[in-house]
Amino acid sequence: MDSISHVHLDDDLTPTREAASQMLADHPTHLSLPQPFYTDARVFALDMQEIFAKEWLFAGMTCEIPAKGNYLTLEIGDNPVILVRGNEGKVHGFHNVCRHRGSRLCVHERGKVAKLVCPYHQWTYELDGRLLFAGSDMGENFDLSTYGLKPIHVRTAGGYIFISLAEQPPAIDDFLVTLEHYLEPYDMANVKIAVESNIVENANWKLVIENNRECYHCNGAHPELLNSLQEFDDTDDPRATPAYKTLVATKQADWDAQQVPWQLKRFGKRNRLTRTPLLNGVVSMTMDGKPGCSKLMGRLKSTDMGSLRILHLPNSWNHFLGDHAIVFRVLPLGPERTLVTTKWLVHKEATEEVDYQPDEIRKVWDATNDQDRRLVEENQRGINSVAYQPGPYSRTAEFGVIDFIDWYRERMLENLGNTAPHLQ
Ligand code: 3BY
Ligand code: FES
Ligand code: FE
């Protein structure tokens, strides 16, 4: 484990908090961040404390834990977390830390259990976190009820599981209602993961998100993706051409007829949902643009659904097509190391090798992810140089990056307890 978000006894982050607040408050919005925000171990520790331990994070999909006792685990920096489906079907979230001497409880990424049993001394917890059993050696007066697992906040909507390690997480309800509505046509109770990939990118997590928030790099980098993706980010895109706008209007009429939502929705800068067409004549993000799965998702009747794009800062972007969906999760591992998990979803009843070929359906985004990995790793290496200085974002091609950096800055300043005058 190379994460360094834990605070050592001799680390006093107070000067870093003050310096980071000042730098963010003074930073012009149209410039990339100062070097320490991409390189410094102490700023990384602040990111973990102020963003990843306080905001809502995309953790996984409900289809990964379909039945009682199914669990999945993930690590938010140094904080192992477990999500488990309880006896009444509810998804519970806990710190994956035993209340005896702190061992990690569940060591696998996914699994199924009747109870949560610690591998160290077999303390046994109910799926709702209550301690049921600690053996006879803890003494007669040992009070099981005071040693339940520490809960985390969990919300589910549209098949997504969001978590927050904060004591009081920010409001998220409005986004969740809309997410549920936009995903209704996909019947997210009946999807499954067809393929999963995990790659480690040697770059700061913010560089991974910045890279995803623009398509300025697409022409030079992504031949496979550009077989299907329009380079315009959404219908508000300042570069959108008349031909694109005409295509959008035609498709929107089709989608209206199918009662499938497409309108651009924003929830601050944290969330954006919008359905945009793929290239004319293309229906999926596959090498040939044809469906990668012959069984469509949910109640959809047409393959031609464009892409429903869903953004959730700080750690997810998503594409929902007619035949499959691709969901992305970003988890920081260290100042210059980031885990990117990609999951390809299909209808639960689609049959592997019959309705879809796992090796085919993954090709475009495997290629794209690898291309993006190289781009962000080169970005990181240049930023590490003494020659790096913050450079200008394009207002027409990199507005998504500006929005992300604005969001990051606002959340950091608020969570660090500093409300800069210009943000009030
Ligand atoms: O398609 C995506 O998710 C993003 C947006 C633009 C470029 N990039 C590949
Ligand atoms: Fe879990 Fe001892 S640390 S039972
Ligand atoms: Fe890219």
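Biologist: In this predicted model, which residue is the bridge partner of Leu116 in strand 7?
Modeller: Look at strand 6 and strand 7, residues 124-125. They pair in the antiparallel sense over two bridges. In strand 7, the partner of Leu116 is Tyr125.

Biologist: Which strands stand at the edges of the open sheet with the order 6-7-8?
Modeller: This sheet has three strands with antiparallel pairing. An edge strand here has a single partner strand, so one side of it is left without a neighbour in the sheet. That holds for strand 6 (116-117) and strand 8 (131-133).

Biologist: What is the order of the open sheet of four strands?
Modeller: Its pairing is antiparallel. Strand 4 (91-95) and strand 5 (110-112) each have a single partner strand, so they stand at the edges. Neighbouring strands are turned by 25° against each other on average, direction ignored. The order is 4-3-2-5.

Biologist: How many bridges join strand 2 to strand 3?
Modeller: Strand 2 covers residues 70-76, and strand 3 covers residues 79-85. The two run antiparallel. Leu74 stands opposite Val81 in strand 3. The number of bridges between these strands is six.

Biologist: Which residue takes a positive phi in the hairpin of strand 3 and strand 4?
Modeller: Strand 3 and strand 4 pair in the antiparallel sense over five bridges. One of the bridge partners in strand 4 is Val91, which faces Arg85. The hairpin has five residues between the strands. The residue with a positive phi, near 90°, is Gly89.

Biologist: Is strand 4 covered on its faces or left open, and which residues show it?
Modeller: In a regular strand the side chains alternate between the two faces of the sheet. Five of the five residues of strand 4 are buried, so the strand is largely enclosed by the rest of the structure. Both faces are covered, by the evidence of Val91, Gly93 and His95 on one side, and His92 and Phe94 on the other.

Biologist: Is Val154 buried, partly exposed or exposed?
Modeller: Val154 lies in strand 9, residues 153-157. Outside its close sequence neighbours, Val154 touches Leu83, Val91, His92, Gly93, Ile161 and Ile163. A residue needs 20 or more other C-beta atoms within 10 Å to count as buried. Val154 has 19, so its class is partly exposed.

Biologist: What separates the C-alpha atoms of Val154 and Ser164?
Modeller: These two residues are 10 residues apart along the chain. In space, their C-alpha atoms are separated by 6.7 Å.

Biologist: How far apart are the end C-alpha atoms of residues 56-163?
Modeller: The unreviewed UniProt entry annotates this stretch as "domain: Rieske". The chain there is 0% helix and 40% strand. The end C-alpha atoms are apart by 5 Å.

Biologist: How many nonpolar residues are in the shell around ligand 1?
Modeller: Ligand 1 is surrounded by Asn212, Cys215, Cys218, Leu225, Leu229 and Trp317. By class, one residue is polar and none is charged. The nonpolar count is five.

Biologist: In strand 17, which residue is the bridge partner of Gly334?
Modeller: Strand 16 spans residues 325-334, and nine of its 10 residues are buried. Nine bridges join strand 16 to strand 17 (residues 337-347), and the two run antiparallel. A hairpin of two residues links them. The partner of Gly334 is Arg337.

Biologist: Which residue of strand 16 does Asn318 stand opposite?
Modeller: Strand 15 covers residues 316-320 and runs antiparallel to strand 16, with five bridges between them. A hairpin joins these strands through four residues. Opposite Asn318 stands Val327.

Biologist: Which residues of helix 5 are buried?
Modeller: Helix 5 covers residues 205-212, and seven of its eight residues are buried, so it is largely enclosed by the rest of the structure. These residues pack against helix 2 (36-39), strand 11 (191-201), strand 16, strand 17, helix 9 (363-383) and helix 10 (399-415). The buried ones are Trp205, Lys206, Leu207, Val208, Ile209, Glu210 and Asn211.

Biologist: What covers the buried residues of helix 3?
Modeller: Nine of the 12 residues of helix 3 (residues 41-52) are buried, so it is largely enclosed by the rest of the structure. Among them are Val43, Phe44 and Ile51. The cover includes helix 1 (14-26), helix 2, strand 1 (57-61), strand 2, strand 16 and helix 10.

Definitions and conventions
Residues are numbered from 1 along each chain as its sequence is written. Chains are lettered from A and ligands numbered from 1 in the order in which they are written. This is a predicted model: local features need pLDDT of at least 70, side-chain atom pairs count only at pLDDT 80 or more; totals for chains, interfaces and linings use all residues. Two strands pair if DSSP finds at least two bridges between them. Axes are lines fitted to C-alpha atoms, for helices over the stretch in contact, and angles run from 0 to 180 degrees between N-to-C directions. A residue is near a molecule or strand if its C-beta atom, placed from the backbone, lies within 6 Å of it. Ala, Val, Leu, Ile, Met, Phe, Trp, Tyr, Cys and Pro count as nonpolar, Asp, Glu, Lys and Arg as charged, and the others, Gly among them, as polar. UniProt positions are given in the numbering used here, feature names are shortened, and annotations may be inferred rather than shown by experiment. Two residues are in contact if their C-beta atoms, placed from the backbone, lie within 7 Å. Lists of a residue's contacts leave out its neighbours within four places in sequence.
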